[in-house]
Amino acid sequence: MSRLKHPIADAVASIELVASRIETTFAQVGGQLGEGHGIFQGLNEALTDLARELSSAQIEGASGALRDIAGRLKSLADTLPAESALLDQLRRNVAEAGSLLKQLLKHVEMITTIARSAKIESASLEGDREGFIAFTREAYDLGKAVQSSIEACVKDQQLLAAAVETTWGRQSEFERRYRPQLGASGGELMSAFSDLGRQRNDSVGVAELAGSSARTISEVVGRSIISLQAGDSTRQRLEHVCAGLRRAADPEPTLVPDMTEVQPLPRLLVNLEAVQLHDTQQEFDAGIGDIVRALSTILTEVATLVEKGRSLHGGREGGSASFLSRVRQTLAQASSLIAMCEDGGRSIDEALSVVENTLEKFREAIANLSDSVVDISLIGMNAGLRAGHLGAKGRAFVVIAHEMKLTADQMTGAAARLRPLLSEIAKVGDDLRKSRVSSDQTKLTSMENAILQTLHDVEAGNDRLGGLIGRLIEEGAKFDAVMNGAREQMTSLASSASTLPAVAKCLEEAGGDLGRASFSHQDEAVLDELYVRYTMERERDVHRQFLLPFGIATKQAAPAATDCDFELF
């Protein structure tokens, strides 16, 4: 027996060392798996909070405000050319009206001049001289009244032309300088709106991903726990192997104690335990592989979640801060542009007010002019008829009366051309006023308030999201450390267990070839005794298959499950 005791002792020592490491390592890994699972629950809650925050009504409101502001800026940019064109048309119409008013004023002045000439000529007439003088005085008075009214209109037109010209100049300059900025700011805010929209959509995706990963990780953790239970099975099998080897090293007492030839039973036991050791090591390798793969799966799932959480908040390089900074700058620029639009709008409103007041005066003056022209024409006609009865002495007065009528007709013609022009000016003013409806002062002020509220909402949300991201990254790093530690321990344990095949090989060599060895009923009883101690069906199968070539069949039934000393890890 001496040649078996030494290899058996070495094998038992090596096997017990591995068994000890299995027990220690599996206990530690089990604890780390539980700790990692707890950390993951916290990560999952953080991601759920993050997704909820990003899809909240507050962010939705901020997103909507950005879209509204962007749309209004674009509307302002689109309206500017139309307003400039209307102001330019108004400017030209007012200038044309001024030209007609000046022509009209010349005709009115001509009436007063003709009336003075008629008054002089009437003094030389004989017969009803006073009547002719009264005619000419009435015509003169009417002419002077109309002249005063038209002169006031000319002055009002000059003021109107100056106001419209100034407004058109400001509007044209504003359009030239700031319309591109309005368009660019609107585009930037639409881009920010799209970014927030994508962020909200991604947050929903992350919530779904977190739920899916939670299910995956729970399943993997469950499988890992089962695989860790296999560690206890391996430890028990190694204990059974050691028990069998000790029985081989210390067989039953013999009547021939000095015999040097090793009996068949110890050699059979050594070979049996070598086979059991081989099978145990193979099964253990598969279990460790499952655990390492499970831990890698968990790490990959959580790394994906953490990275997705980072991307939601703008990435690793302060992307969220730069995004908010860009939005802040764009909103500030938009606010400034809106204020300038308000100033330009007030200038247009003031010009339209002048237009409205001036048109009212023009219409009143033209209405009075028409009545006066009719009276002047009648006066001229009556005076001409009466002068014609005087013969050669009244001929000069007849000519003067005719000139007065022609001039009155010219005044009527100028007034006729002025009326549609005034209507055109009124229409352009109405069109301009309608274009101002979509960008009046009240709406522009509300836009600025929306800008400030949007900025406040986004920044407030950013503070909370920053805290959640910090927690996510911190917990993710802790989880990574725990799971990597567990994986390294399992890998190290696999390395230690890799010595078992060599131990089995040494046992096979020590046991040698049994050939056609025969075994007694007492030997079979020893084998049955080992059989009933097994706690796993697999080692029973290995036992039966090994003894089959020797014609040995176990006479013991497998113990009931309640009789096993198997303990779940």
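Is Tyr 534 buried or exposed? At 4% relative accessibility, Tyr 534 counts as buried, because the cut-off for that label is under 20%. Keep in mind that everything here comes from a predicted model.

**The overall picture**

The fold is easy to sum up: the protein has 10 helices and 0 strands. Reading from the N terminus, the elements go α-α-α-α-α-α-α-α-α-α. Of the 569 residues, 45% are buried. If you take the contacts between residues at least 6 apart in sequence, 93% of them join residues at least 24 apart.

**How far to trust it**

The average pLDDT for the protein is 78, and 79% of the residues reach at least 70. Confidence is highest in helix α10 (residues 537-547), at 93, and lowest in α7, at a mean of 72. Then there is the stretch of residues 561-569, where the pLDDT is below 50. That stretch still has 16 contacts in the model beyond near neighbours in sequence. A word of caution applies here: where pLDDT is low, the predicted coordinates should not be read in detail.

**Around Tyr 534**

Back to the opening residue. Tyr 534 sits in the loop between α9 and α10. Its side chain makes a polar contact of 3.5 Å with the side chain of Gln 276. Along the chain, Tyr 534 and Arg 237 are 297 residues apart, yet their C-alpha atoms are 7.8 Å apart in space.

Arg 237 turns up again with Thr 280, a residue of helix α4. Leaving out residues up to four places away in sequence, Thr 280 touches Thr 234, Arg 237 and Leu 238. Thr 280 is buried, with a relative accessible area of 1%.

**Rings**

The count of aromatic pairs comes to 4. In one of them, the ring centres of Tyr 531 and Tyr 534 are 6.0 Å apart with the planes at 75°, so this pair is edge-to-face. Both of these tyrosines, Tyr 531 and Tyr 534, are buried. Elsewhere, ring pairs tie Phe 519, Phe 546 and Phe 550 together into a cluster. There is also a charge over a ring: Arg 91 lies over the face of Trp 168, at 3.9 Å from the ring centre.

**The nonpolar cores**

In soluble globular proteins, nonpolar side chains tend to be buried together. Here, the largest nonpolar core has 64 residues, and Ile 15, Leu 245, Leu 268, Ile 298 and Met 490 have the most contacts inside it. Two or more residues each come from α1 (2-54), α3 (129-249), α4 (264-312), α7, α8 (500-511), α9 (521-531) and α10. Which element gives the largest share of this core? That would be α4, with 18 residues.

Met 490 is a good residue to click on. Not counting residues up to four places away in sequence, Met 490 touches Thr 25, Phe 26, Val 29, Ile 288, Ile 291, Val 292 and Leu 295. Apart from this core lies another one, of 48 residues, including Ala 115, Val 146, Leu 418 and Leu 422.

**A few more residues to look at**

Asn 484 belongs to helix α7 (residues 441-497). The side chains of Asn 484 and Arg 487 are joined by a polar contact of 2.7 Å. Since α7 is where confidence is lowest, at a mean of 72, keep that value in view when you look at this contact.

Thr 79 is in helix α2 (residues 57-122). Thr 79 and Glu 175 are 96 residues apart in sequence, with their C-alpha atoms 9.7 Å apart in space. Glu 350, in helix α5 (residues 319-388), has a similar story to tell: its C-alpha is separated by 8.9 Å from that of Thr 167, 183 residues away along the chain.

Here is how these residues and Thr 280 come out in accessibility:

| Residue | Relative accessible area | Class |
|---|---|---|
| Thr 280 | 1% | buried |
| Thr 79 | 14% | buried |
| Asn 484 | 19% | buried |
| Glu 350 | 53% | exposed |

Asn 484, at 19%, is called buried because the label holds under 20%. Glu 350, at 53%, is exposed because that label starts over 50%.

Methods: Residues numbered from 1 in each chain as written. Predicted model: local features only at pLDDT ≥ 70, side-chain atom pairs only at ≥ 80, totals over all residues. Heavy atoms only, no water. Helix = DSSP H or I, 4+ residues; strand = E, 2+ residues; numbered from the N terminus. Buried < 20%, exposed > 50% of the residue type's maximum accessible area, 1.4 Å probe, protein only. Polar contact = N/O pair within 3.5 Å; in protein donor to acceptor, adjacent residues only side chain to side chain. Phe/Tyr/Trp six-rings, centres within 6.5 Å; stacked < 30°, edge-to-face > 60°. Lys NZ or Arg CZ within 6 Å of the ring centre and 35° of its normal. pLDDT = per-residue confidence, 0-100. Contact = heavy atoms within 4.5 Å. Core = buried A, V, L, I, M, F, W, Y, C linked by side-chain atoms within 4.5 Å.
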